[in-house]
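Trainee: I would like to learn how to read a protein model step by step. Could we take its features one at a time, with the general idea before the particular case?

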Amino acid sequence: MQPGGGPTDYDPDAVRARYRAERDRRLVPGRADIRDLRRDEQFARFRDDPFTPFSEREPVRDDVDVVIVGGGIAGVLAGAELRKAGVERIRIIDQAGGIGGTWYWNRYPGVMCDVESYVYLPMLEELDYVPKHRYASGEEIRLHLQAVADRFDLGPDALFHTGVAGAAWDERGARWRISTDRGDDLTCRYYVLAVGILNLMKLPAIAGMEDFGGCSFHSARWDYGYTGGAPGRPLTALGDKVVGLIGTGATGIQCLPPLAAAAKHVYVFQRTPSAVGVRANRDTEPDFARRLAPGWQQARMDNFQAVMLGKSVDEDLTDDGWTHHYAAVHHPPRHEGMTLEEYLRGGEELDYGIMEEHRRRVEELVRDPEAAAVLKPYYRYLCKRPCFHDEYLQAFNNPNVTLVDCPAGMERVTDHGPVVDGRQYDVDCLVYGTGFEAELTPLFRRAGHDIVGRGGVTLADKWSDGAASLFGMMSRGFPNLFVMPAPGQQAVVTVNYTQLAVLGAQYIGGAVGLLDEKGAQGNGVTVFDVSAAAEQEWSQKIIDSFVDASGVMAACTPSRINLEGHPEAMNPRNGNYGRGLGDYFGYRRLLEEWLDAGDCEGLEIVVRSDPP
Ligand SMILES: Cc1cc2nc3c(=O)[nH]c(=O)nc-3n(C[C@H](O)[C@H](O)[C@H](O)COP(=O)(O)OP(=O)(O)OC[C@H]3O[C@@H](n4cnc5c(N)ncnc54)[C@H](O)[C@@H]3O)c2cc1C
């Protein structure tokens, strides 16, 4: 057996050839074409919030300490840490009708986190809460985020169902001026962007899709009015309905089992199979909480992070597919005296073993050999976001589930439903489980509004050739602006996003505390900007540590991870601190040392008398 459990007849050339052939079936013109749901008027209803009724209100005029755009994990944590730093007037603004961000919008049946809940749900110790399961449902996460917002009193001043339309730095007033799509006019001393990493729904541009006569929606706006049921409950209105599920990524995988249990028939349209590993979800053991010592959640997050970064630990506390497979593939064994070539070859072989394990799992769980063949993933493990599920593959054994293989995408959609290889599939309902624009979508696009800094320069202009920042969180020319750290903007990447959000929020809370102290000493308001030298130095660090993996990534099946088959388009400026996944611990040490030093190194600070 090979590492990872693969068979001994491993032939690297044959494997590479097979992977290339599978990639080429999918690398077709137009593959990455999408309808821009931010602007698309034909599909404007796809943006509507199906969960909270819209209520009219008068436009708000207000001057506050901090405006935070986004009420997801990042925005709520930033608000919480700012409260701890003594900030009183905070307004969260979100297009959503409530707190939760990702977990507000994504309420599709079966939605769960993929990273263990004990490290993914933030502030568990502070709220004295233990998730009910090893992987929590979306609803539990949403309610927990609401509880965090309540604990820090962030709800009453929040503006929901409100889109920020523009933000501009007002030099004279030493404030940001924020306008919204509801006519609000707000000013604030500090502006925080917590706009999300997967917040822009991706809708593939398929010929004729606007002609479809049935019900259709994106999975991030699940229409329970049509399907019946509610999150976590059976879909009661689908018994006589044929459903087309487009997409077999993380979302499609989670929502197929409940759909299969409820609908008359489900056609699953698959472009690329995911590698679906064991999830082994289970109830939290009754004595889990009793065994926890103070500081346990940060320690557990650090343990997970360490394993993912290939560091040695006494015990892998999470012990799941991420730590077994993802971490192993990222950090193949490196023995003394090994040449680079041997190391790379060992990594490839390890990868093959792990992918064989996934392919064998399909064979074991899916009875129809034809379906099983189509569901087997043929690419290297990191080419596509790994998935984990205990019921997805078995759903294909249900007589009411049909897998439709369409590696090159659908031909078109008619008023009756999708057409693939000349065959029309009549459906009553089409669910677009087609995911989100990549994390690497530039911040200014994810933010959905112009951010205008000094001299009328927008962030989009400034970052048109790539990010320029200090710590991936502040940028010269945009005074008193903080951006929550995220991939693609000179911070670090973590598999557990919450851990990065916790750190970013602590930094912002701490930095505002320091800056306000300086303001109070000088009897005015603090205006900070990043110095040219600090920005240059940080950006250069990012560029210098960029690992050009486009050679390996080009051999991948196209996915959002390799920019749909164009990894060469990755810009070193948009890389991470540290190599590979990024040096999370080094990044954290830098931020903590910066806060401890208290001198705000790298910032130009002016204390201005507060204009009336
Ligand atoms: C189904 C699903 C499962 C996931 N599971 C995991 C997981 O297991 N582990 C993990 O680490 N990550 C996971 N993720 C990624 C997830 O997005 C992040 O973990 C995290 O929730 C992001 O939080 P956020 O606050 O940064 O952004 P979001 O939760 O996306 O919140 C951003 C908010 O900003 C609002 N917004 C943006 N622009 C504007 C504007 N101009 N005006 C007003 N409001 C605006 C949006 O409406 C949104 O509500 C998952 C994502 C999805 C979709």
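Trainee: To begin with a small detail, which residue in β6 is the bridge partner of S179?

Mentor: Before I answer, please keep in mind that this model is predicted. The general idea is that strands of a sheet pair through backbone hydrogen bonds, either parallel or antiparallel. In this case the partner of S179 is D185 in β6, and that pair belongs to the four bridges that join β5 to strand β6, residues 185–193, in an antiparallel arrangement.

Trainee: What lies between β5 and β6 in their hairpin, and which residue there takes a positive phi?

Mentor: Four residues lie between these two strands, and G183 is the one with a positive phi, near 80 degrees. The hairpin of β4 and β5 also has four residues between its strands, and there A174 takes a positive phi near 55 degrees.

Trainee: In which sense do β4 and β5 pair, and over how many bridges?

Mentor: Strand β4, residues 164–170, and strand β5, residues 175–180, pair in the antiparallel sense over six bridges. If you look for A168 in the model, you will find that its bridge partner in β5 is R177.

Trainee: How should I read a sheet made of several strands, and what is the order of the five strands in the open sheet here?

Mentor: You read the strands across the sheet from one edge to the other, which here gives β8-β17-β9-β10-β13, with parallel pairing. Because β8 (215–218) and β13 (401–405) stand at the edges, each has a single partner strand, and one side of each is left without a neighbour in the sheet. On average, neighbouring strands of this sheet are turned by 15 degrees against each other, direction ignored.

Trainee: How many bridges does the pairing of β9 and β10 have?

Mentor: Strand β9, residues 242–246, and strand β10, residues 265–270, are paired in the parallel sense over five bridges. Two positions help you to find this pairing: V243 has V266 as its bridge partner in β10, and I246 stands opposite F269 in that strand.

Trainee: Are the residues of β9 buried or exposed?

Mentor: Five of the five residues of β9 are buried. When you follow the side chains, V242, G244 and I246 point one way, whereas V243 and L245 point the other way. Helix α7, residues 250–262, lies across β9, β10 and β13, and runs at about 170 degrees to β9.

Trainee: Why is helix α9 said to be largely enclosed?

Mentor: For a helix, one counts the buried residues and then asks what they pack against. Seven of the ten residues of α9 (residues 321–330) are buried, so this helix is largely enclosed by the rest of the structure. The buried residues include W322, H325 and Y326, and the buried residues of α9 pack against α8 (296–308), α10 (340–365) and β12 (387–388). At the start of α9, a side-chain oxygen of D320 comes to within 3.1 Å of the backbone nitrogen of W322.

Trainee: Which residues of the largest nonpolar core touch the most other members?

Mentor: In this core of 130 residues, they are M474, F482, M484, Y507 and Y587, while helix α14, residues 497–521, gives the most to the core, with twelve residues. To see what such a position looks like, take Y587, which touches residues including F471, P485, L500, W538 and Y577. There is also a second, separate core of 29 residues, and V60, W169, Y191 and V525 are among its members.

Trainee: Finally, which residues come nearest to the ligand?

Mentor: A sensible way to read a ligand site is to list the residues around the ligand and then to look at single contacts. Of the 33 residues around the ligand, D94, T102, D114, Y120 and Y497 come nearest. A polar side-chain atom of D94 lies 2.7 Å from an oxygen atom of the ligand, and a backbone N or O atom of V195 lies 3.5 Å from an oxygen atom of the ligand. A polar backbone atom of A447, in turn, is 2.8 Å from a nitrogen atom of the ligand.

Definitions and conventions. Residues are numbered from 1 along each chain as its sequence is written. This is a predicted model: local features need pLDDT of at least 70, side-chain atom pairs count only at pLDDT 80 or more; totals for chains, interfaces and linings use all residues. Side-chain values use heavy atoms; hydrogens and water are left out. Two strands pair if DSSP finds at least two bridges between them. Axes are lines fitted to C-alpha atoms, for helices over the stretch in contact, and angles run from 0 to 180 degrees between N-to-C directions. Contact means heavy atoms within 4.5 Å. A nonpolar core is a set of buried Ala, Val, Leu, Ile, Met, Phe, Trp, Tyr and Cys residues joined through side-chain atoms within 4.5 Å. Buried means under 20% relative accessible area, exposed over 50%, partly exposed in between (1.4 Å probe, protein chains only). A residue is near a molecule or strand if one of its heavy atoms lies within 4 Å of it. A polar contact is a pair of N or O atoms within 3.5 Å; within protein, one must be able to donate a hydrogen and the other to accept it, and residues adjacent in sequence count only if both atoms are side-chain atoms. Lists of a residue's contacts leave out its neighbours within four places in sequence.
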